[in-house]
Amino acid sequence: MIDIHCHLTFEQFDEERERVIEEAKEELKAVIVSGVDPEDSKKTLKLSEAYPKFIYTTLGLHPVSVVRMKEKEIETYLEFIKTNREKIVGIGEIGLDYHWVKDSSKIRRMKEVFIEFLELSKELNLPVVLHLRNGVEEGLRIIEGEDIKKAVFHCYSGGMKLAREIWEEKYYISLASSIRRSKNMKKVARSIPLSLLLTETDAPFLSPVEGEINVPKNVRVVYEEVSKLRGMEIKELCEKIAENSSRLFDIPNFF
Ligand SMILES: [Zn+2]
């Protein structure tokens, strides 16, 4: 099993990070940690260095962090990411968040920076991990307009119509460990072409049990649910998801 998106650097894990990772190692093949801002990205890189061939890194700028940063800081950060190209497997998470960002000038800025990071992904030839809260359709149009080839819609919980548009463009959809609570996610799980499905926890968020701190090993819930919904063996599903993750993030050693 693979968790393609979580935040093991967050303070919720400060007391028990090592234990959480060791437990993940018992069950999972790989975990991808996404840096959300400059500070977090440094921690993320350190963590993947400490667990080679198990913890992988994507670096991005969360849309909510964008509006807190000065232009110059963002430029420096883009350079930092370029310098670390060889240590990362993707750009993200990046995107749009209309739940937290409502002010029109901030929205404009959020979109501009989103596009800057999409440009960066093209320059570095890396896939993007998309966070699109209340902005899936707009995000989809933007990445199509930018001619992005490799992308995953992380924690997708939208409807079927958009889901279908996403997979028809050959973009990936990642379903999270909160799947049991979401009718939309179950519908997508049933119909998505298997070659475009990925699995994640977004830990410490989106626990299968509401209110608990989520951990990467809980990604098992997604495998259980998808295998039940599609009437397939977990083992076969594991192989497919490993293949997909390996293809999207260009990591050869999942096998
Ligand atoms: Zn996240």
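This passage describes an annotated histidine pair, a neighbouring histidine, the salt bridges and one helix of a predicted model.

Local features were taken only where pLDDT is at least 70 and side-chain atom pairs only at pLDDT 80 or more, whereas totals for chains, interfaces and linings use all residues. Residues are numbered from 1 along each chain as its sequence is written, and side-chain values use heavy atoms, with hydrogens and water left out.

The UniProt record, an unreviewed entry, carries the annotation "binding site" for His-131 and His-154. UniProt positions follow the numbering used here, feature names are shortened, and annotations may be inferred rather than shown by experiment. The two histidines are spread over 24 residues of sequence, yet they cluster in space, with a largest C-alpha distance of 6.0 Å. Both His-131 and His-154 belong to the lining of the largest pocket. Pockets were sought on a 1 Å grid over the protein atoms alone; a pocket is an open set of points with protein on both sides within 12 Å along at least five of seven lines, and its lining residues have an atom within 4 Å of a point.

His-131 sits in strand 5, which spans residues 128–133. Helices (H or I, at least four residues) and strands (E, at least two) are DSSP runs, numbered from the N terminus. His-131 has a relative accessible area of 12% and is therefore buried. Buried means under 20% relative accessible area, exposed means over 50%, and partly exposed lies in between (1.4 Å probe, protein chains only). Leaving aside residues up to four places away in sequence, the contacts of His-131 include His-62, Asp-97 and His-154. A contact here means heavy atoms within 4.5 Å. The side chains of His-131 and Glu-93 are joined by a polar contact of 3.1 Å. A polar contact is a pair of N or O atoms within 3.5 Å; within protein, one must be able to donate a hydrogen and the other to accept it, and residues adjacent in sequence count only if both atoms are side-chain atoms.

His-154 lies in the loop between strand 6 (151–153) and helix 7 (160–168). His-154 is buried because its relative accessibility is 7%. Beyond residues up to four places away in sequence, His-154 touches Glu-93, Ser-174, Glu-200 and Asp-202, among others. Its side chain makes a polar contact of 3.5 Å with the side chain of His-5.

His-5 also has a polar contact with His-7, side chain to side chain, at 3.2 Å. His-7 is placed in the loop between strand 1 (2–6) and helix 1 (17–27). With a relative accessible area of 2%, His-7 is buried. The side chain of His-7 also reaches the backbone oxygen of Ser-34 at 3.1 Å. Among the residues that His-7 touches, not counting those up to four places away in sequence, are Phe-13, Glu-93, Asp-202 and Phe-205.

The whole structure holds 20 salt bridges. A salt bridge is a side-chain nitrogen of Lys or Arg within 4 Å of a carboxyl oxygen of Asp or Glu. An α-helix has 3.6 residues a turn, so residues three or four places apart point the same way. Three of the salt bridges illustrate this spacing.

In helix 7, Lys-161 pairs with Glu-165, and their closest N and O atoms are 3.8 Å apart. These two residues are four apart, which means a separation of about one helical turn. Lys-161 is exposed at 63%, while Glu-165 is partly exposed at 21%. Glu-225 and Lys-228 form a salt bridge of 3.6 Å, N to O. They are three residues apart in helix 9 (residues 220–230), again about one helical turn. Glu-225 is buried at 5%, whereas Lys-228 is exposed at 61%. Lys-235 and Glu-239 meet at 3.2 Å, N to O. They stand four residues apart in helix 10 (residues 234–249), so about one helical turn separates them. Lys-235 is exposed at 61%, and Glu-239 is partly exposed at 43%. Salt bridges that share partners link Glu-137, Arg-141, Glu-144, Lys-161 and Glu-165 into one network.

Helix 8 (residues 183–191) has Met-185, Val-188 and Ala-189 as its buried residues. They lie on the same side of helix 8 because they cover an arc of only 105 degrees around the axis. The arc is that of the directions from the helix axis to the C-beta atoms. The cover over these buried residues includes helix 7, strand 7 (172–176) and helix 9.

Technical notes:
1 Å grid on protein atoms, 1.4 Å probe; cavity = no way out; pocket = protein on both sides within 12 Å on 5 of 7 lines; lining within 4 Å.
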